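Trainee: I've got the model loaded and I'd like to walk through it with you. Can we take it piece by piece?

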Amino acid sequence: MDVFQIDGPVRLAGSIRVNGSKNAALPIMAAAIMPAGKSVLKAVPHLLDISVCRELLSQLGCKIERRPNGDLAIDSTVIDNPIGEYEIVRKMRAGICILGPLLARCRRAEVSMPGGCAIGDRPVNLHLRGLEALGAKIHLKGGYIVAEAPDGLTGADIFLGGPFGSTVLGTANVLMAATLARGRTIIESAACEPEISDLANCLNEMGAKISGIGSPRLCIEGVAELKPVEYEIIPDRIEAGTFMVAAAITAGELQIRNCRLDDMMAVVHKLRAIGVTVEPDRAGCTVRTDTVIKTADITTQPYPGFPTDLQAQFMALLALAEGNSVVIEKIFPDRYMHVAELNRMAANLRKEGPTVIIAGVKKLIAAPVMASDLRASAALVLAALAAEGTTTISRVYHIDRGYEKIEERLNPIGAKIVREKA
Ligand code: EPU
């Protein structure tokens, strides 16, 4: 397992490009199961989670090829094994999003029930409720979700809200299945995340009839079949937000290219409120900090609210603010594995249930720390860039799940990150 040695403090300056979105690419790869034929996806990032998804689709029968120009070609002419194995799904929860497409295409699917993970309980009851509303018969067998619809699916009115609001992958699953159902489906309380809009746009290119894209009410007129597409994935707003924090925490100046500020209003608003300059330009924006970071109160919410996937990174930044800040996690109330690790680096964070109170400190101090999940790990990298001394981060594979070669991209703009094979 690789380890990062990160020397700090550094000041980042220069230009960095954001890659295609992981969380848009994963359900869109699953959508490519539905039309029989070869779809070509552009801007799919080179990440561990994408490799796991490739493995999953290959097991179903897909032939997948990464072309020299980076495009990912998925040939789903034959799907002869509609089973999502535990060994693969346990590595990546997003594997659950093959359930809807398999059910729609093969009228039967068996997908391992995903377990919990470092960010807490992650139930799939809403996914199943939505698919049952479309007429699927679902039962659990040996840890697998077995879903069947021998006569096909039928459109329905579905309320998909849960105790924590909408569900992103649940919406993806039901939306994909509904495109091939007979008749009309309404999904109310659908997730509005840009990744879901990207999926819906891609499905429409395949011939689906989805309206209300970007709103909490999606309307889907079922069609008899979908056709393969060539489609480009949107830029990753979470990676962009992570780079924005990197500029801010190192009192640096970064031009962030291939970034859609329109998808990031809550984040940009928060950055400006704490004294970070964000100047839009044609490619994206330039982010700069030359004053002390001010305090903030952050509550994570479904889109367009502040994203849970940037909560940890902002906590690293607020650890250095002048005064007390408060973070409330409303999506995954246990998503705080980074708190104890940041405290090892001399941050002053106190967790009270789903809330963390952050007493700003003047400096962070390097320490050996452990990456626990993807975004928590990103927060540790950010803290290490600003901390005095050499921080050792172990279990770097968590970072590789969501950030492509992060050290090779940050080092040219001033970071000092060395990857060691442990
Ligand atoms: N929930 C239920 N029942 C369900 C599904 C979800 O109660 O059937 C609850 C969850 O426990 C949570 C809330 O609803 O409290 C929202 O979870 P959601 O289903 O939206 O999460 P997800 O679809 O499993 C995606 C992203 C996550 C991101 C969340 C929230 C992908 C591959 N994953 O997960 O991304 O944090 O939405 O925005 O798109 C990451 O990239 O690091 C990551 C964890």
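Trainee: Let's begin where H1 starts: which backbone nitrogen does a side-chain oxygen of Ser21 reach to within 3.4 Å?

Mentor: Keep in mind that this is a predicted model. At the start of H1, look at the side chain of Ser21 and follow its oxygen. Within 3.4 Å of that oxygen you'll find the backbone nitrogen of Asn23.

Trainee: And how many of the 10 residues of H1 are buried?

Mentor: Buried here means under 20% relative accessible area. Lys22 passes that test, and so do Leu26, Pro27 and Met29, among others. H1 is largely enclosed by the rest of the structure, because the buried count is 9 of the 10.

Trainee: On to the ligand. Which residue puts a polar backbone atom 2.5 Å from one of the ligand's oxygen atoms?

Mentor: Try the polar contacts one by one. Thr167 uses an N or O atom of its side chain, at 2.6 Å from a ligand oxygen. Leu169 offers a backbone N or O atom, but at 2.8 Å. The 2.5 Å backbone contact belongs to Ile331.

Trainee: How much of the ligand's accessible area does the protein cover?

Mentor: On its own, the ligand has 820 Å² of accessible area. The protein covers 92%.

Trainee: Which helix gives the most to the shell around the ligand?

Mentor: Helices H1, H5, H6 and H12 each give two or more residues to that shell. With 3 residues, the top contributor is H5.

Trainee: Last one: why does the ligand lie between two domains?

Mentor: Check who supplies the shell, which has 24 residues. The ligand lies between the domains because residues come from both domain 1 (2-15 + 236-421) and domain 2 (23-225).

How values were computed. Residues are numbered from 1 along each chain as its sequence is written. This is a predicted model: local features need pLDDT of at least 70, side-chain atom pairs count only at pLDDT 80 or more; totals for chains, interfaces and linings use all residues. Side-chain values use heavy atoms; hydrogens and water are left out. A residue is near a molecule or strand if one of its heavy atoms lies within 4 Å of it. A polar contact is a pair of N or O atoms within 3.5 Å; within protein, one must be able to donate a hydrogen and the other to accept it, and residues adjacent in sequence count only if both atoms are side-chain atoms. Accessible areas come from the Shrake-Rupley method with a 1.4 Å probe; for residues, only the protein chains shown count as cover. Helices (H or I, at least four residues) and strands (E, at least two) are DSSP runs, numbered from the N terminus. Domain bounds come from an automatic or database domain assignment. Buried means under 20% relative accessible area, exposed over 50%, partly exposed in between (1.4 Å probe, protein chains only).
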